[in-house]
Amino acid sequence: MVGKQKRKLEDLSVDEFLLSGDVDSADEDEDDSEGEVSIQNGLKTSKKKKLKPVASKPDGKKKGKASEHKEQLSRLKSKDPEFFKFLQQNDKSLLNFNDEDSSEDEEDAKYHKLPSALEEASDDDEEDDEDQPTSKKSKKGADIIKVTDKMVEDWKAAMKKEPTLRVFRDVTQAFKAAVATTKGEGGGQCKYKVADSSVFNSLVLLCIREIDGALQKILNIKTDKDQKKLVLPSSSPRWQKNQIDIKMYLSGVVQLLSCLTEATVVSAVLRHANQLVPHFLCLPKQCRLLVKQLLKQWSTGEETSRVLAFLALNKICRHKQDAYLSPILKQMYISYVQNCKFTSPNALPMINFMQRTLTEMYALDTQATYMQGFIYIRQMAIHLRNAMTMKKKETYQAVYNWQFIHCLFLWCRVLSTLHPSDVLQPLIYPLCQVIHGTIKLVPTSRYYPLRMHCCRALTLLSSSTNTFVPVVPFLLEIFQQVEFNKKPGRMSKKPINFAVILKLSKVNLLEKAYKDGLIDQLYDLILEYFHTQSHSIGFPELALPTIIQLKTFLKECKVANYCKPMRQLLDKVQENSSFITGRRQKASFGVADAAAVVAWEKQTQQEGTPLSRYYSQWKKMREKEIQLEISGKERMEDLDLPEIKRKKVQEKKAEDKKEFKDLFQSDSDSEDDDGLRIKGKKGKLGSDDDDDELEDLSDLSGSDEMEEANTDEDEEGSKSASKTPCPLSSTDLIKLAEGGEDLVEDLELSDDDD
């Protein structure tokens, strides 16, 4: 073998190669320890060595997972007998299982085996499949309990006597089923069903009246009336046990609030939600859903609903400012902007309500107010800058709209209400600059109402923050731009309500009501501004330009209705200026002594000034007029009776002309000429130049009366002509014509006497 091994492989023949393989294998069977073998035999022997240990243990099997787990449980019995005993008592299925499985069975279970033959579908199988869901439905239907009035009464008695967790759970389940019906749902997994409307009403009424007190007893919460800090229900040791039921009930309250439309029911649910605010604060998700509904009611609901929603929002923010104040303020501001897009006499009180309530919310934290105020005032300044630089219609509309004006007024109210505040003081100057820029953007007569709104906001800001803001120059400019002596182009029935408009139409500029309303607004705004400065030590110098402008206006204006209020305003301003001058002369301090000046102004304000006393009386009367305008009642002086009467006369005259066209054609022509001639005479007879603006109204009323008289005469003449059997002579006709002219002259003299 050794000699054969040394021979090279290429020297071997085929028979020798095959023979050498057989010999080596035979030798290897005889003696396994022989080390010198060929390469092929070495491979064969290595394979055999690997297969030997497997073949040596044909009966050995790996233990399955089930058997291993049973051994672990047996060891657990010796290590922890108490836990093993607990398992035997509570979960025997965990200990009793089949341990005959092996690893081979587990490996076989991993793979899917194809069936030997495919099964054919039959009708019986389909019927079995259909029977299964129906059986499940029938089981569910058998479990659902229908709520009756008797059940509600029993729950009510139990709630009043001694509420238990079981009763509370039943009530919440029934309430959930009732709320589910409002959205057309079947109740989901509830075990109760509410199908009757009377049961629904009684159940909701039970929850609104009794749930809050029942929760106080179940959770054993004791609240002190004198204690300002709110006691959260989560502090109770029973909270965890009842948390799921309370969460279900609170979710139902929010869902019910989102479905209701009746104002009285919404108010009742909002009162109930206000009582449950401590429970909502313990559940952040339900609290966020409640805040969303409260914001909706605050901005779009009825008057009572708005107030109740605001009270709930204020309560949430006061007790958890860190979590809810900033997002609630942001959402309230966005809701305010969205709901003040259109302004009308009916919507204006609601917008004012949102302004005042939002100001109260901003008063809770001045730091958060400054951050939001800075952002939103800067945003308005950017809109104004774009409008001033680009000068396009779209950029102008971004500034000249109700949302922009109401936002300006809101921040003026916030800064004036929260003054003095070192945090908010830096916002006063940029806000004033934005308002000034808004007024100067398009300084035309069509935007005078917008200018009035801006001046009113500046007056509020100036008076409350003790900051001098020039407002009067924007008002005095109107006296120079408008020609009050010019006759109006057309008459109007109703006055222009400047409180609910921003822009005047071209037709409005031609109306008499435009100038009347403008005079009223100028009177109100100038008087209101000087009232805020009436105690100032520099009032005489402040009022001097106004006095000069008013005197100039009184010299140029010839309309008595416009001169009268301006003359009264001039007298009051001059009276107050003389009063301040007299007190100032008695002062013993210098101008540089700021503290003494402040003390002097404070004392003067407390004692009162002539202008402040007059303003208080005027304000009461003005508020009554505004209430009448808001309620839609028309004043008698606003009715244009002659114009309405003239339409009826024209119709009547047209009918008379058609009826008596042939008989009195010449007389009607002469009467028309006489009517024109009489109008001219009346214009000459008028001696008072101050009544030029009212000349058209007087002429119209006079001509109407004469036309009525002439038509009456025509009717009488026609009746007499129809009664006489013989025709009239020419002399009789002349006398009849002369008699008609005498009657017209008598009417003219009676009008002059009136």
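These legends describe close-up views of a predicted model.

**View 1. The whole chain is built mainly around its helices in number: 33 helices and two strands.**
The chain has 754 residues, and 37% of them count as buried. Now take the contacts between residues at least 6 apart in sequence. Of these, 72% join residues at least 24 apart.

**View 2. Helix 21 is largely enclosed by the rest of the structure.**
Helix 21 covers residues 428–441. How many of its 14 residues are buried? Ten are, so the rest of the structure largely encloses this helix. The buried residues include Ile 428, Leu 431, Cys 432, Val 434 and Ile 435. His 436, Gly 437, Thr 438, Ile 439 and Leu 441 are also buried. What covers them? Among the covering elements are helix 18 (366–390), helix 19 (393–399) and helix 20 (402–417). Helix 22 (448–465) and helix 23 (472–481) are also included in the cover. The length of helix 21 can be checked too. At 1.5 Å a residue, helix 21 should span 20 Å. Its end C-alpha atoms are 20 Å apart, which agrees.

**View 3. Helix 20 and helix 22 run roughly parallel.**
The axes of helix 20 and helix 22 come within 8 Å. They cross at roughly 10°. Because an angle under 35 degrees counts as roughly parallel, helix 20 is roughly parallel to helix 22. On helix 20, the contact residues include Trp 402, Ile 405, Phe 409 and Cys 412. Arg 413, Leu 415 and Ser 416 of helix 20 also take part. On helix 22, they include Leu 450, His 453, Cys 454, Arg 456 and Ala 457. Leu 460, Leu 461, Ser 464 and Thr 465 of helix 22 join the contact as well.

**View 4. Cys 317 and Cys 412 are buried cysteines, and the count of disulfides is zero.**
Why does Cys 412 form no disulfide? The closest cysteine sulfur, in Cys 432, is 6.7 Å from the sulfur of Cys 412, too far for a bond. A disulfide needs the two sulfur atoms within 2.5 Å. Cys 412 is buried, at 0% relative accessibility. Cys 412 belongs to the helix 20 side of the contact with helix 22, and Cys 432 is one of the buried residues of helix 21. For Cys 317, the closest cysteine sulfur is in Cys 287. The distance is 9.1 Å, so this pair is also too far for a bond. Cys 317 is buried, with a relative accessible area of 0%.

**View 5. A salt bridge joins Arg 169 and Asp 245.**
The whole structure holds seven salt bridges. In this one, N and O are 3.0 Å apart. Arg 169 lies in helix 9 (residues 165–182) and Asp 245 in helix 11 (residues 239–259), so the pair ties together parts that are 76 residues apart in sequence. Is each partner buried or exposed? Arg 169 is partly exposed, at 37% relative accessibility. Asp 245 is buried, at 5%.

**View 6. Helix 27 carries Arg 584 and Arg 583, each with a salt-bridge partner in another helix.**
Arg 584 pairs with Glu 541, and their closest N and O atoms are 3.1 Å apart. Arg 584 is in helix 27 (residues 560–585) and Glu 541 in helix 26 (residues 539–556), so this pair links parts 43 residues apart in sequence. Arg 584 is partly exposed, with a relative accessible area of 26%. Arg 583 pairs with Glu 607, with the closest N and O atoms 3.0 Å apart. Glu 607 lies in helix 28 (residues 594–607), so this bridge ties together parts that are 24 residues apart in sequence. Glu 607 is partly exposed, at 47% relative accessibility.

Note on methods. Residues are numbered from 1 along each chain as its sequence is written. This is a predicted model: local features need pLDDT of at least 70, side-chain atom pairs count only at pLDDT 80 or more; totals for chains, interfaces and linings use all residues. Side-chain values use heavy atoms; hydrogens and water are left out. Buried means under 20% relative accessible area, exposed over 50%, partly exposed in between (1.4 Å probe, protein chains only). Helices (H or I, at least four residues) and strands (E, at least two) are DSSP runs, numbered from the N terminus. The expected span of a helix is 1.5 Å times one less than its number of residues. Contact means heavy atoms within 4.5 Å. A salt bridge is a side-chain nitrogen of Lys or Arg within 4 Å of a carboxyl oxygen of Asp or Glu. Axes are lines fitted to C-alpha atoms, for helices over the stretch in contact, and angles run from 0 to 180 degrees between N-to-C directions. Angles under 35 degrees count as roughly parallel, over 145 as roughly antiparallel, 65 to 115 as roughly perpendicular and the rest as oblique.
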